[in-house]
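Colleague: Got a minute to walk me through this model? I'd like to go helix by helix and then look for empty space.

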Amino acid sequence: MNIPADRYDRLTRTFHWLTAALVIFMFASAHVWENLEKGTPLRKGLQSVHISLGIAMAVLIAARILWRLFGGNHPRADKHPALNVAAKIAHGCLYLLLLTQVTLGFLFRWAQGEPFNFFGLFTVPAPFVIDHELRGTLGGLHNNVAWAIIVLAGLHACAALWHHYIQRDSTLRRMLPAPRGDLPY
């Protein structure tokens, strides 16, 4: 089946919106538990879900990168070369930040020396020893990168809305589900 060049394929769109939802939930959950008393079931539960979703995010980001490199379609670029370059840089930075965030999350958890598992189904062992003294530094970096992701993703969303409402082009629609009656791609 030919996929129109003006819209991303279904898997790319699914990866995009899953990533957005995970980023928002994980950012919010971390800020909620910071305001909860240590040791409470809700705080521990949010942390556990956050960690499990961090593992899921690692798999999702790997799948996104592989799909972007070897599959999916790439809709036609904007008619403005400078905007295309800016968009490519922003997307590259988002991928880099997400990879960095996942890596920092894993390193931080391993430096804490606490169990690191996926919804209690399996444990993710540390492949090497990480100095326990680094946990503060790794946690701080993890927090800073989270903020950088939120800021850049917010700018990304604003750019999509600018394209949609000011430029009145199809940039945002390329990442939305196809209208009813269109081909189910």
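Colleague: What distance should the 24 residues of helix H1 (residues 10-33) span, and how far apart are its end C-alpha atoms?

Modeller: Bear in mind that this is a predicted model. At 1.5 Å a residue, H1 should span 34 Å, so the expected span agrees with the distance between its end C-alpha atoms, which is 34 Å.

Colleague: Which residue caps the N-terminal end of H1?

Modeller: Look for a side-chain oxygen by the backbone nitrogen of Leu11. One lies 3.2 Å from that nitrogen, and it belongs to Asp9.

Colleague: Which helices do the buried residues of H1 pack against?

Modeller: Start with who is buried: the list includes Phe15, His16, Leu22, Phe27 and Trp33. The buried residues of H1 pack against helix H2 (41-70), helix H3 (81-112) and helix H4 (135-167).

Colleague: UniProt has a "transmembrane region" annotation covering, among others, residues 53-71 and 92-111. How much of residues 92-111 is helix?

Modeller: That annotation comes from an unreviewed entry. Over residues 53-71 the model has 95% helix and 0% strand, with end C-alpha atoms 25 Å apart. For residues 92-111 the end C-alpha atoms are 28 Å apart, strand is 0% and helix is 100%.

Colleague: Now the empty space. Which helix gives the largest share of the lining of the largest pocket?

Modeller: The largest pocket has a volume of about 1,400 Å³. Of its 47 lining residues, those closest to the centre are His16, His91, Leu94, His156 and Met175. H1, H2, H3 and H4 each supply at least two lining residues. The largest share, 13 residues, comes from H4.

Key:
Residues are numbered from 1 along each chain as its sequence is written. This is a predicted model: local features need pLDDT of at least 70, side-chain atom pairs count only at pLDDT 80 or more; totals for chains, interfaces and linings use all residues. Side-chain values use heavy atoms; hydrogens and water are left out. Helices (H or I, at least four residues) and strands (E, at least two) are DSSP runs, numbered from the N terminus. The expected span of a helix is 1.5 Å times one less than its number of residues. Buried means under 20% relative accessible area, exposed over 50%, partly exposed in between (1.4 Å probe, protein chains only). Contact means heavy atoms within 4.5 Å. A polar contact is a pair of N or O atoms within 3.5 Å; within protein, one must be able to donate a hydrogen and the other to accept it, and residues adjacent in sequence count only if both atoms are side-chain atoms. UniProt positions are given in the numbering used here, feature names are shortened, and annotations may be inferred rather than shown by experiment. On a 1 Å grid over the protein atoms alone, a cavity is a set of points where a 1.4 Å probe fits but cannot get out, and a pocket is an open set with protein on both sides within 12 Å along at least five of seven lines; lining residues have an atom within 4 Å of a point. Grid points are joined across faces, edges and corners, and a volume is the space filled by probe spheres set on the points.
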